[in-house]
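Trainee: I'd like a close look at a single part of this model rather than a tour of everything. Pick one piece, please, and tell me how it sits among its surroundings.

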Amino acid sequence: MTDAEKILWKHLRARQLDNIKFVRQFPIGNAVADFSSRSAKLVIELDGSQHADNAADIKRTAMINVHGYHVIRFGNNDVLNNIEGVIETIQAELRNIRDE
């Protein structure tokens, strides 16, 4: 795991975030999601700078969406420098999913 993945995993594991179970490296279609909650149908992807506006990531997100998952992406720097904001964004997405 990258440093950013380790930091985020500390906050997601063991149902620490809204009592939602997340797993790492979850296969969806032909992709492997960084983090996923099967019950919430949420995928969290962490991207390095090489992923900025990457066409392959856009296709990957669309493919994951076809399988019924919402995808949110964060840059590694977001996690490393603003983990509180990342967690707040994830919690807001979980609320939105529950309200659908």
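Mentor: Let's start with the overall picture, then zoom in on one strand and its surroundings.

A bit of housekeeping: this is a predicted model, where local features need pLDDT of at least 70 and side-chain atom pairs count only at pLDDT 80 or more, while totals for chains, interfaces and linings use all residues. Residues are numbered from 1 along each chain as its sequence is written, and side-chain values use heavy atoms, with hydrogens and water left out.

The chain has four helices and four strands, in the order α-β-β-β-α-β-α-α from the N terminus. These elements are DSSP runs numbered from the N terminus: helices are H or I with at least four residues, strands are E with at least two. With a radius of gyration of 13 Å, close to the 13 Å that the globule rule gives for 100 residues, the chain is as compact as a globular protein of that length. That radius is taken over C-alpha atoms, and the rule is 2.2 Å times the number of residues to the power 0.38. The C-alpha atoms fill a box of roughly 30 × 30 × 20 Å along the principal axes. Of the 100 residues, 43% count as buried, which here means under 20% relative accessible area (exposed is over 50%, partly exposed in between; 1.4 Å probe, protein chains only).

My pick is strand β2, residues 31-37. Six of its seven residues are buried, so β2 is largely enclosed by the rest of the structure.

Now for its partners, where two strands pair if DSSP finds at least two bridges between them. Strand β1 (residues 23-28) runs antiparallel to β2, with five bridges between them. In that pairing, S36 of β2 is the bridge partner of V23. The hairpin of β1 and β2 has two residues between the strands, and G29 there takes a positive phi near 60 degrees. β2 also pairs with strand β3 (residues 42-47), again antiparallel, over three bridges. Here S37 has L42 as its bridge partner in β3. This second hairpin has four residues between the strands, with K41 at a positive phi near 55 degrees.

S37 deserves a moment of its own. It belongs to β2 and is buried, at a relative accessible area of 0%. Setting aside neighbours within four places in sequence, S37 is in contact (heavy atoms within 4.5 Å) with I20, K21, F22, L42 and Y69. Contacts across the sequence show up chain-wide too: among those between residues at least 6 apart, 56% join residues at least 24 apart.

Follow the chain back from β1 and you reach the loop between α1 (3-12) and β1, home to R15. R15 isn't a glycine, yet its phi is positive, about 55 degrees, and the residue is partly exposed at 44% relative accessible area. N19 sits in the loop between α1 and β1 as well. Its phi is near 60 degrees, also positive in a residue other than glycine, and N19 is exposed, with a relative accessible area of 53%.

One last link concerns R95, in helix α4 (residues 83-99). Although R95 and D18 are 77 residues apart along the chain, their C-alpha atoms are separated by 9.6 Å. R95 itself is partly exposed, with a relative accessible area of 44%.
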